Amino acid sequence: MAIDRRREAAGGGPGRLPPAAEENGALPPGDAAASAPLGGRAGPGGGGDIQPLPAPHAAGGTHPSLLLLDYDGSVLPFLGGLGGGYQKTLVLLTWIPALFIGFSQFSDSFLLDQPNFWCRGAGKGAESAGVTATGRWGGGDLANGTSPPTTPFPTAAWGTAGPLGNGSGADGGEAPPLPSPPDKGDNASNCDCHAWDYGIRTGLVQNVVSKWDLVCDNAWKVHVAKFSLLVGLIFGYLITGCIADWFGRRPVLLFSIIFILIFGLTVALSVNVTMFSTLRFFEGFCLAGVTLTLYALRIELCPPGKRFMITMVASFVTTAGQFLMPGLAALCRDWQVLQALIICPFLLMLLYWSIFPESLRWLMATHQFEPAKKLILHFTQKNRMSPESDIKGVMPELEKELSRRPRKVCIVKVVGTRNLWKNIVVLCVNSLTGFGIHHCFARSMMGHEVKEPLLEDFYADYYAAAGIALASCLAMCLAVRVLGRRGGLLLFMILTALASLLQLGLLNLIGKYSQHPDSELQLKLAVGMSDSVKDKFSITFSIVGMFASHAVGSLSVFFCAEITPTVIRCGGLGLVLASAGFGMLTAPIIELHNQKGYFLHHVIFACCTLICIICLLLLPESRGQSLPESIPDGEHYTRQPLLPPRRGEQPLLPTHAELKDYSGLHDAAAAGDGRPDGATANGGRPM
């Protein structure tokens, strides 16, 4: 019969384990033994069909023992979850480097800040020191071969939970005592000089721009230097992610630490801007390896209920690094000392070689049971656990599988899946959109579009961006707790789209009516909506947009870490983080072209937010669910309804648990009840 065939194809039969309970409108659990220990995630696929799961195999067959593959259900409770002191120590060791990562992410705001400049000797007898000569230069000055426009928010100011962005900057601010600038005049005359004096606003006496006179005809080299770190991060995420899935998280982490020390300290010894940019590329490459592996290790150490909290603590530590960067710059005074001080704390991470183990979850997922056994014994020794705590018999099952060959997987295997690749692509587009549009809102708030900027000095702009990032992280904690991963991401994406559309549409409409008051109503609108009021609306929408887009980018990265299987988790994370890097890369590209295409840039990303809102409905909800370990496990981790079903509502399709109640239908048909062989229980013939 049709029902029996569907049940048998789903792996039904004797010896099945009880299905896990549904949670938050999750998929109906399957009755296959392979799905129960892996979180019970069998259910309808992308098109609404019930997906068959692989049939169980005995230990020593094609697949290892199901008990060993159920990491969250058997292995992690055996080790005590996060209750063991050793696990807490390892989580703490993943938090500490987040501060150093924050320093490196936001260093470009200080090393490559474009200061005001004037001809050397032109300021003698002029105004008091520290007064800027040109104020906020217009966007067309650089195109005319004059001084470059100040960058109120260079590259990015994300303050993310992760490894993303070059930092944030701003106009104005306090500068060290320098020769007095001349009276405000034509900026083109400043490029006729052969030597300049600089008004650096970041607390430094000298930075990269003033060191090698990267102004006027050489101003484009500043943007290339900004490219270098971002491009290094992008390539680093893609390459180190694949390596970490093949060789392990620990080797990638340790070698990335060694090379970031080498390249980072060599950056401070650069003799020209070409050497500086090249070394910054390799520094970004290694920084990506450190950030990516720590993020994956943090996720893989935690039980389902603690993953988001542990990740958000790391985000707060990274934001603390953003807040502390101005103090480090004021303390160092020179860019070379600042660069060395940012990199030197990574020396402490060399101790990880002896104290930080490989990811046990990755070892189990890739069937490396011999090193997994040694690591489990190491955990039990550190936690002073007795052998009697192994109630489920993890160690005896592990002994039977020691001769099994490892099965490692590369991220390219995701191409052959039906649902997993869609989930990763959706999150890549979300990450790209969130971090790409963030710069549009930042430029608007910091004075690109408004005539009266909200903030007029470097430190006010910098700390405003950091404060928005901190508020966004706090809001994420509340939203995810109430709405879940998918609901929280959808909420912040809707806020981003609304802020963007209102800023692009409503304010432009108001400006159009204020310029052409053809009617009495339009005249009243033009009088009531002055330029200053319009600027306040623009600033408000920009703050909301920065707040929401930061949350979109951070949640997309975390969401990817949860729904990507352990065997390819670093590769999937690398794709999403690299997409975020591409989004941030649009900022220095637009700056290099003197803000040409800025409006189109904003329009394109605004359209992407609308597409993302629709695509987010395809994602599953991962709150409280076990992490998928293998690609088949992640393939059946499919979407659920956004809202839980109403009480008493009949589901559209029967679940595997319901189908098993009809297991006697075939026997009744065979007994000769007058129905043909292919008939169903109600006398009909299956389609």
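**Helices, ring pairs and enclosed space in a predicted model**

Met312 has its place in helix H10, which covers residues 307-332. In this predicted model, Met312 is buried, because its relative accessible area is 4% and the term applies under 20%. Once its neighbours within four places in sequence are left aside, Met312 is in contact with Cys473, Met476 and Cys477. Met312 also lies 8.8 Å from Leu474, C-alpha to C-alpha, although the two residues are 162 residues apart in sequence.

The protein as a whole has 24 helices and two strands, and buried residues make up 57% of its 687 residues. Among the contacts in the protein with a separation of 6 or more, 81% are accounted for by residues 24 or more positions apart.

Two of the helices may be described by their span. Helix H7, formed by residues 220-247, has 28 residues and reaches 40 Å from its first C-alpha to its last, which is close to the 40 Å expected at 1.5 Å a residue. Gly248 follows H7 and has a positive phi, near 115°. In helix H16, which runs over residues 420-445, the end C-alpha atoms are 38 Å apart, and this agrees with the 38 Å that its 26 residues should span at 1.5 Å a residue. H16 is also mostly covered, since 21 of its 26 residues are buried.

Aromatic rings form a further set of links, and the structure holds 16 aromatic pairs. In one of them, the rings of Phe308 and Phe558 have their centres 5.1 Å apart and their planes at 70°, so this pair is edge-to-face. Because Phe308 lies in helix H10 and Phe558 in helix H19 (residues 531-563), the pair ties together parts that are 250 residues apart in sequence. Both Phe308 and Phe558 are buried. The rings of Tyr352 and Phe356, by contrast, have their centres 5.6 Å apart and their planes at 10°, and the pair is therefore stacked. Tyr352 counts as buried at 5% relative accessibility, and Phe356 likewise counts as buried at 4%. Elsewhere, ring pairs link Phe235, Phe259, Phe263, Phe281 and Phe282 into a cluster. A ring may also have a charged residue over it, as with Trp353, over whose face Arg250 lies at 5.9 Å from the ring centre.

The pair of Phe308 and Phe558 leads to Arg485, which is found in helix H17 (residues 458-515) and is in contact with both of these phenylalanines. With its neighbours within four places in sequence left aside, the other contacts of Arg485 are Pro304, Val480, Phe559, Glu562, Glu621, Ser622 and Arg623. Arg485 counts as buried, because its relative accessibility is 6%.

Backbone angles single out two residues in loops. As a general rule, most residues other than glycine have a negative phi. Arg333, in the loop between H10 and helix H11 (335-343), nevertheless has a positive phi, near 70°. His367, in the loop between H13 and helix H14 (369-383), has a positive phi as well, near 65°. Their surroundings can be described by exposure: Arg333 is partly exposed, with a relative accessible area of 35%, whereas His367 is buried, with a relative accessible area of 6%.

Empty space within the model was also examined. Rolling a probe the size of a water molecule over the atoms shows where such space is left. The structure holds eight cavities of 30 Å³ or more, and about 130 Å³ of space lies in the largest of these cavities. The largest cavity is lined by 15 residues, of which Leu301, Glu358, Ser359, Leu360 and Phe379 are the closest to its centre. Two or more residues of this lining come from each of helix H3 (71-78), helix H4 (85-105), helix H9 (273-301) and helix H13 (360-365). Among the elements around the largest cavity, H9 gives the most to the lining, with three residues.

Key. Residues are numbered from 1 along each chain as its sequence is written. This is a predicted model: local features need pLDDT of at least 70, side-chain atom pairs count only at pLDDT 80 or more; totals for chains, interfaces and linings use all residues. Side-chain values use heavy atoms; hydrogens and water are left out. Helices (H or I, at least four residues) and strands (E, at least two) are DSSP runs, numbered from the N terminus. The expected span of a helix is 1.5 Å times one less than its number of residues. Buried means under 20% relative accessible area, exposed over 50%, partly exposed in between (1.4 Å probe, protein chains only). Contact means heavy atoms within 4.5 Å. Rings of Phe, Tyr and Trp (its six-membered ring) pair if their centres lie within 6.5 Å; planes under 30 degrees apart count as stacked, over 60 as edge-to-face and the rest as tilted. A charge sits over a ring if NZ of Lys or CZ of Arg is within 6 Å of the ring centre and within 35 degrees of the ring normal. On a 1 Å grid over the protein atoms alone, a cavity is a set of points where a 1.4 Å probe fits but cannot get out, and a pocket is an open set with protein on both sides within 12 Å along at least five of seven lines; lining residues have an atom within 4 Å of a point. Grid points are joined across faces, edges and corners, and a volume is the space filled by probe spheres set on the points.
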